[in-house]
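Q: Please take a close look at the interior of this predicted model for me, with its packing and any spaces left among the atoms. A connected account would be lovely.

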Amino acid sequence: MTSPRAWPKAILFDLDNTLWPISPVIVQAEESLFAWLREHAPRVAERFTIDGLRQARLQLLAQQPEFHLDLGKLRRAGLHAAFQEAGEDAAKVELAMLHFFAARNAVTPYDDVLPGLLRLQDKLLVGSISNGNADLKAIGLSHHFKVSVAAHELGVAKPDAAIFLEACRQLGVAPEDAVYVGDDVLLDVQGAQRAGLRAVWMNRTGSTSHLEHEVVPDAIVRDFDELLAWLEHQHAHTK
């Protein structure tokens with residue numbers, strides 16, 4: 001029987017759909033933004049629908065794929081185009097973005113997240129890596145993370161190894177001493193493993209997409225309780 005290995009020095013998390021559900025939040029944020037547009041930029045609201053604005057963003061993304069690195073920048077560019085087409089005051093775009101981001105960051109963590117983060121903080125360094133625009137400070141969770149690396153700030157997105165390596169560098173740990181946890185088998189699991197980290201798939205939905213993509217996570221868990229159980233089982237009980 002092999003002896004349990006030492007605890008990793010760090011654990012890093014994806015944010016959207018790993019720590020909280022994001023799709024209903026984005027839907028609500030877009031509805032809230034459109035209500036704001038009706039009141040403050042009515043010519044845009046008269047000319048476009050929520051779906052119309054979304055389709056225009058997708059066309060813009062197809063033309064300028066570099067926007068994948070910063071979806072907030074994409075949304076801002078889409079609004080500028082819509083305001084120009086509608087003959088609306090472009091100075092209001094930043095106010096619209098502030099309204100959208102406030103709603104976009106009104107997330108509700110899964111019930112297991114806060115207790116799990118508190119338990120992990122007693123054992124190892126905790127960080128985050130995200131391709132999205134979640135603002136941990138606005139959400140009220142930034143104090144749980146030693147570092148937070150975002151694609152739109154670094155200029156590199158998952159699954160590129162560089163974003164995982166940068167988070168490890170900021171934490172002062174080697175990739176082999178870190179575990180990454182995320183919900184996407186390609187961006188998160190495969191990306192982290194190719195960068196030299198171990199990767200845990202946070203599979204809250206019972207998906208089997210890892211089989212389709214032939215990705216083998218180091219572990220598959222449904223929540224933080226299972227994540228902590230895996231860590232306890234795989235590793236010694238001390239750092």
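A: Happy to. Helices here are DSSP runs of H or I with at least four residues, strands are E runs of at least two, and both are numbered from the N terminus. Counted like that, the protein chain of this predicted model has twelve helices and six strands. Its C-alpha trace spans about 70 × 35 × 30 Å along the principal axes, and 46% of the 239 residues count as buried. Of the contacts between residues at least 6 apart in sequence, 61% join residues at least 24 apart.

Let's start with the nonpolar packing. In soluble globular proteins, nonpolar side chains tend to be buried together. In this chain, the largest nonpolar core has 30 residues, and those with the most contacts inside it are Ile11, Phe13, Trp20, Leu120, Phe224 and Leu227. Both helices and strands build this core: two or more residues come from each of strand 1 (10-13), helix 6 (113-121), helix 7 (136-139), strand 4 (178-182), strand 5 (198-202), strand 6 (219-221) and helix 12 (224-234). Helix 12 is the greatest contributor, giving five residues. Phe13 is a good place to centre your view. Leaving out residues up to four places away in sequence, its partners include Leu117, Leu120, Phe145, Tyr180, Phe224 and Leu227. A second core, of 23 residues, lies apart from this one, and Val147, Ala178, Ala195 and Leu197 are among its members.

Now to the spaces. Rolling a probe the size of a water molecule over the atoms shows where empty space is left. Searching the whole structure turns up one cavity of 30 Å³ or more. The largest cavity holds about 100 Å³ of space. Its walls are made by Glu30, Leu33, Phe34, Leu37, Ile50, Leu53, Arg54, Arg57, Arg75, Gly78 and Leu79. Helix 1 (23-40), helix 3 (50-63) and helix 4 (71-86) each bring at least two of these lining residues. The lining is mixed in character, with six nonpolar, one polar and four charged residues.

The largest pocket has a volume of about 770 Å³. Its lining comprises 32 residues, and Asp16, Leu71, Arg104, Asn131 and Gly132 are the closest to its centre. Helix 1, helix 3 and helix 4 turn up in this lining too, and along with helix 5 (93-104) and helix 10 (185-194) each of them supplies at least two residues. By class, the pocket lining has 13 nonpolar, eight polar and eleven charged residues.

Finally, some backbone details are worth a glance. Most residues other than glycine have a negative phi, and most peptide bonds are trans. Asn17, in the loop between strand 1 and helix 1, has a positive phi near 70° and is partly exposed because its relative accessible area is 29%, which falls between the 20% and 50% cut-offs. Glu214 also has a positive phi, near 55°, and sits in the loop between helix 11 and strand 6; at 71% relative accessibility, Glu214 is exposed. Within helix 11 itself (residues 209-213) lies Ser209, which counts as buried because its relative accessibility is 18%. Beyond its neighbours within four places in sequence, Ser209 contacts Val185 and Trp201. Last comes a cis peptide bond between Lys158 and Pro159, with omega about 15°; Pro159 belongs to the loop between helix 8 (151-154) and helix 9 (161-171).

Terms used: Residues numbered from 1 in each chain as written. Predicted model: local features only at pLDDT ≥ 70, side-chain atom pairs only at ≥ 80, totals over all residues. Heavy atoms only, no water. 1 Å grid on protein atoms, 1.4 Å probe; cavity = no way out; pocket = protein on both sides within 12 Å on 5 of 7 lines; lining within 4 Å. Points joined across faces, edges and corners; volume = space filled by probe spheres on them. Nonpolar A, V, L, I, M, F, W, Y, C, P; charged D, E, K, R; others polar. Core = buried A, V, L, I, M, F, W, Y, C linked by side-chain atoms within 4.5 Å. Buried < 20%, exposed > 50% of the residue type's maximum accessible area, 1.4 Å probe, protein only. Contact = heavy atoms within 4.5 Å.
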